[in-house]
Structure formats: structure tokens, C-alpha cells
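Biologist: I should be grateful for a close look at one single part of this structure. Please begin with what it touches, and then set it in its wider surroundings.

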Amino acid sequence: MTTWEITIAPLWPYLVLILVGFLPSEIWRALGVVVSRGLDERSEIIVWVRAVATTLLAAVVMKLLLTPTGALAAAPLIARFGAVLVGIGVYFLARRSVIAGVIAGELILISITYFAFA
Amino acid sequence: MPPAPLRISHGAARCFVVNSLMDERANGDERRDGEDASGSAPSPGPSPVLRGIRDALVLPAWIVGFSLLGVGSLAQDVGFPFLAAVLSTLLMWAAPAQVILFGGIAGGTALPLVAVAVSLSSIRLLPMTVSMMPMLRRPGQSLLTQLFVAHYVAVTVWVESNRRMPTMPPQERFGYYLGFANACLMVATTMTGIGFLLSAAVPPFLAAGLLFLTPLFFTIALIAGARTLLDQSALVLGAALAPLFTLLVGPDFDLLATGLVGGTLAWLIGRGRR
């Protein structure tokens, strides 16, 4: 290794974090600040943008469930979707309690994954 | 007459907190409080900043916190240093992108490709920021302040703010938002560190459960926040069209295509109703 490489090596994860993690995601927030200049919160364009954002979020959730990364990939597909459906069901049954839905969904996923590993 | 002096001192306290946080001119806030007195009803109780912190600590901050506990544990598995893992939450503040970053490094994917994947997964932040900023903008706010404010935009913050802020007096929104978002970010950053340190002790089925918190909570929070036909259509269309567009345009631009097509359809459905 050259002196330069020895100096830079400990900083490498931070460079990766800034260049590969921070900037590629932060750019959308910065762009959002610029694009939203002069827009009124009640304008029709904001209503449309909010619809796009909500749709995108639902799509992100769908992708996380269909093709998860990390440890979640080890959970069976049926467990991922079953747990979300149970979570939604319990949310409504518990008179719109978010925490009840989240706990129920988690219990289903963790127990199915536990037995799938066992 | 007892309520009047009480309310004024509360307003002054509010100004103080927001000013010390954001270095804004006190004059502007006093003027806004003047409008407050003549126009919309001031809300009673603690300052907006404190109410934001309180609402976050009731549940949302902990949900985000536990999902980032899973991310911290993943970062340790991949061999990222502790400080960089914790910083990833402070700087990126987007769990799915962080999972893609660490997963990509673990899989040995070329870094430029990981950067593209991270960026494509974070496109949602653009429409989220665009729809949030008009509620948070104040006269005389510098670009730097706006970029700082926008950095807090994340799903939990967006969903909860959209649910609560529109009915809030405009002058209270900024403080509420900062209180709520900072509480979420601080809890999540701490939990990332805890997840990193506990990584070896987290069995695979529990690690799966932690990463599952993100899609599970997003789903239920989105349903909880969807009160109009437009919102409900957007959720159904987003979930239904995402797999279709993955097949049609591939896994890179499917989110963008789903958002634009599904979002426009949902907007048209909402317009038809109004």
C-alpha cells in the first residue's frame, strides 16, 4: 500500500457513506426544495404531487415485501404477505390502533420465520 | 381576563424555542402571534415543539427506532465501522436506502451501481418534500434553512405531519415539525448504534422481524392516514401497479413509473369525486 492508501483506508467507509449513501438520496430532498418554491399548499399541483408520493410509498412497500434485502429475505414470502394482511386486519379490528396492527403483524412474521429456520 | 396573559406568555415561550432552534428574527414571530390573536384560535397546552416531541415518543419514533436497530445490526454484519453506521441514519435518514447500501456492499456490487440503486429507491423523497415544504415555509427563510428542514423528510414524519399539520395554525407547524422529526431522528440514531452493538446477539428470525417493521408500519400508517378517496386509490394503485411495472420497465424505474402513472390515476379519481 502507498502512503496515500494507508491514510485513506480508515476514511473509506465514510467516503462510501457520503458518495454512495448520503448524496444519492439527499439530492431528491434538495430538488424538492427547489421545485416547491412558490407553490401554495392548497394548489392543485400539490394535490397531484401528494398523490404521486402516496402511490410511490405503496409501491416501495410492495417492493420491500416482494424482493426484500438483508435478513428479511430469509422470511418466507407467505409470511411477509400474511403478516401484513393480519396487521391490517388487527388494525381495523382494534378500532384503528396502529400499535395493535404492528404488534400482530410482527408476531406472525417472527413466529413463521422462527419455525421456518427451526 | 386571566386567560389572556397566560396565552401571551405561552406565545413568547414558543417564539423562544423556535428562535433558538432556527435563528429566526423575533419580530416575524411576534407579528405571527398578532395574527394568531385576531384570527385562528391558538391551541392550548404546551408549545408546538414539545407537542411534536410528545407525539413522536408515543409510538412513531420507537417504530422507526426499532427498524433502524435492524439496519444497525446489518451494518455490523457487513463490516461497516460503528460511527459510519450511526452516521448513516443521521445523514441518509431513509431505512430502505440504508438497507440497499449495506446489502450492496455485502454483495460486492460495484459502488456506482449501489449509488444508482440507493438513489432510485429514494425517489419518493422528491414528491414528499415538494408536498411538505409549502406547509413549513416561512417568510425570510434562507435556502440553507429550507434544505435543513427538508432533510428531516422521511415516511414517518411525512405521514404524521400530513395527518396533523393541515388543521394546525400555520405558525405552529414549523415548531411541531422540528420537535416531531428531531425526536424520531434522535431515537433512530441511538437505536442504530444499539443495533450495531447487539448485532451478534440478534438471531436471524428476529433480524427479519426488525427489518419487517419498515414495510409493516409504512402500510398501516399509510392506511391510517388515507382518509380521502384519492389517498385510498393511490395506495391500492401503488401496491397493484408496482409488480406490473417491475415486469414492464424493470427493477430500476418501476417505482418512478408506478408513482407517475398510479399517482395521476388516483388524482383523476379524486378529482372525479370533488
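Modeller: Leaving aside residues up to four places away in sequence, B:L241 touches A:A59, B:T258, B:V261 and B:G262. The model is a predicted one, and what follows should be read accordingly. B:L241 belongs to helix 13 of chain B, which runs over residues 229-273. Is B:L241 buried or exposed? B:L241 is buried, because 23 other C-beta atoms lie within 10 Å and 20 or more suffice for that class. One of its contacts, B:G262, is 21 residues away along the chain, yet the C-alpha atoms of B:L241 and B:G262 are separated by 7.1 Å.

Two of these partners recur when the view is taken from chain A. A:T55 touches B:T258 and B:G262, and also B:A234, B:L237, B:G238, B:G259, B:G263 and B:A266, again not counting residues up to four places away in sequence. A:T55 is part of helix 3 of chain A, residues 44-66. With 33 other C-beta atoms within 10 Å, A:T55 is buried, because the class requires 20 or more. A:I110 lies elsewhere in chain A: A:T55 and A:I110 are 55 residues apart in sequence, and their C-alpha atoms are 28 Å apart in space.

These residues lead to the contact between the two chains, to which chain A contributes 66 residues and chain B contributes 81. On the side of chain A that touches chain B, helix 2, helix 3, helix 4 and helix 5 of chain A each provide at least two residues. Helix 3 of chain A gives the largest share of that side, 21 residues. By residue type, the side of chain A that touches chain B comprises 47 nonpolar, 12 polar and seven charged residues.

Helix 2 of chain A also takes part in covering a helix of the partner. Helix 9 of chain B spans residues 143-151, and its buried residues are B:Q146, B:V149, B:A150 and B:H151. The cover over the buried residues of helix 9 of chain B includes helix 2 (12-35) of chain A and helix 8 (125-136) of chain B. Helix 2 of chain A has a kink of about 40 degrees at A:F22, shortly before the proline A:P24. Its overall length still agrees with expectation, because 24 residues at 1.5 Å a residue should span 34 Å and the end C-alpha atoms are 33 Å apart.

The chain that supplies these helices has five helices and zero strands, in the order α-α-α-α-α along the sequence of chain A. Chain A is more spread out than a compact globule, because its radius of gyration of 21 Å is well over the 13 Å that the globule rule gives for 118 residues. Along the principal axes, the C-alpha atoms of chain A occupy a box of roughly 60 × 55 × 20 Å. Of the 118 residues of chain A, 46% are buried. Among contacts in chain A with a separation of 6 or more, 33% join residues 24 or more positions apart.

Chain B, which holds B:L241, has 13 helices and zero strands. Of its 274 residues, 52% are buried. For contacts in chain B with a separation of 6 or more, 77% are between residues 24 or more positions apart. The domain assignment of chain B gives domain 1 as 48-213 and domain 2 as 226-274. The C-alpha centres of these two domains of chain B lie 24 Å apart.

Two loop residues complete the account. Most residues other than glycine have a negative phi. B:W93, however, has a positive phi near 50 degrees, and its place is in the loop between helix 5 (82-92) and helix 6 (95-106) of chain B. B:W93 counts as buried, because it has 27 C-beta neighbours inside 10 Å. A:R96 likewise has a positive phi, near 60 degrees, and lies in the loop between helix 4 (77-93) and helix 5 (98-117) of chain A. A:R96 is exposed, because 12 other C-beta atoms lie within 10 Å and 12 or fewer place a residue in that class.

Note on methods: Residues numbered from 1 in each chain as written. Chains lettered and ligands numbered in written order. Predicted model: local features only at pLDDT ≥ 70, side-chain atom pairs only at ≥ 80, totals over all residues. Helix = DSSP H or I, 4+ residues; strand = E, 2+ residues; numbered from the N terminus. Contact = placed C-beta atoms within 7 Å. Nonpolar A, V, L, I, M, F, W, Y, C, P; charged D, E, K, R; others polar. Domains from an automatic or database assignment. Expected span 1.5 Å × (residues − 1). Bend = angle between axes of the 7 residues up to and from the residue. Rg over C-alpha atoms; globule rule 2.2 N^0.38 Å.
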